[in-house]
Amino acid sequence: DLERYVIPMLGLYPARGCPFVCNFCSVTKIAGRKIRSQSVETTIASLRAAKAAGVRTIMFTSDNFNKYPDATALLTAIVDEKLNLEFFVQCDTQIARQPELVELLARAGCFQMFVGVESSDRQTLLAARKGQNRPATYHEIVRLCREHYIGAHFSNIIGFPQDTERSIHDHLAELRAMGPSCASFYILCPIPGTEQYDEFLAE
């Protein structure tokens, strides 16, 4: 069946859950805040089967790969198995303080890291209850990824209540100065079940 697709890619979910409380996000409503995972052996078995089936690219869909307790064990196993499968991961901005993990990601075959930076304005982030993001560290993520030949994909949200045309242009200017490999932009959408939806409805 994979022959029908331009890129034979498979999504794998080694761990689920997110410890953060961003008011616009549905992840914790669906997967909870406690991070729990399947065994490393189960994930490796899935990767072996994927490679045997002709898969060439893996998307690890865990929302915070760098918060996954067995990330180091899994990446080490991937290196030891010599699977030679390229993959990309999603990490939170605190990856800036985990240079050893970035280096191991690169050795294991990671080609891109998706990071939800959302905004360069600290007050906007605090209002969205995304206080774990500190814009002063964004450039370090780009630097680490560049050092290890991993593409830094910065995800951004436009339309926070605090946003103005000027603040959005300022954010774009900062992104250009930092130079991540890729940037994607999403318009804020209040999702039913999230705190933000209730706040928007009340207002």
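1. Helices and strands are named here as DSSP runs, a helix having at least four residues and a strand at least two, and they are numbered from the N terminus. The model under discussion is a predicted one. In these terms, Tyr-149 belongs to the loop that joins helix H6 (138–147) to strand E7 (151–158).

2. The backbone of Tyr-149 deserves a remark: its phi is positive, at about 60°, although the residue is not a glycine. With a relative accessible area of 74%, Tyr-149 is exposed, since the cut-off for that class is over 50%.

3. A second residue other than glycine with a positive phi is Lys-82, for which the value is near 55°. Lys-82 follows just after H3 and sits in the loop between H3 and strand E5 (86–91). Its relative accessibility of 60% places Lys-82 among the exposed residues.

4. Helix packing may be considered next. Two packed helices are described by the angle between their axes and by the distance between those axes. For helix H2 (residues 40–52) and helix H3 (residues 71–81), the axes come within 10 Å and cross at roughly 40°. H2 and H3 are therefore oblique to each other, because angles under 35 degrees would count as roughly parallel and those from 65 to 115 as roughly perpendicular. The crossing of the two helices is right-handed.

5. On the H2 side, this contact is made by Val-40, Thr-43, Ile-44, Leu-47 and Arg-48, and on the H3 side by Ala-73, Leu-74, Ala-77, Ile-78 and Glu-81. Sorted by class, the residues in the contact of H2 with H3 are seven nonpolar, one polar and two charged.

6. Which residues of H3 are buried? They are Ala-71, Leu-74, Leu-75, Ala-77 and Ile-78. Viewed down the axis of H3, these buried residues fall within an arc of 160°, so they line one face of the helix. The partners against which the buried residues of H3 pack are H2, strand E4 (57–60), E5 and helix H4 (99–108).

7. A final point concerns Ser-37, which is found in strand E3 (residues 36–37). Ser-37 counts as partly exposed, at 37% relative accessibility. Leaving aside residues up to four places away in sequence, Ser-37 touches Pro-14, Ala-15, Tyr-68 and Asp-70. One of these partners, Pro-14, is 23 residues from Ser-37 in sequence, yet the C-alpha atoms of the two are 5.7 Å apart in space.

How values were computed: Residues numbered from 1 in each chain as written. Predicted model: local features only at pLDDT ≥ 70, side-chain atom pairs only at ≥ 80, totals over all residues. Heavy atoms only, no water. Axes fitted to C-alpha atoms, helices over the stretch in contact; angles between N-to-C directions. Parallel < 35°, antiparallel > 145°, perpendicular 65-115°, else oblique. Left-handed = near helix turned anticlockwise from the far one by under 90°. Contact = heavy atoms within 4.5 Å. Nonpolar A, V, L, I, M, F, W, Y, C, P; charged D, E, K, R; others polar. Buried < 20%, exposed > 50% of the residue type's maximum accessible area, 1.4 Å probe, protein only. Arc of directions from axis to C-beta.
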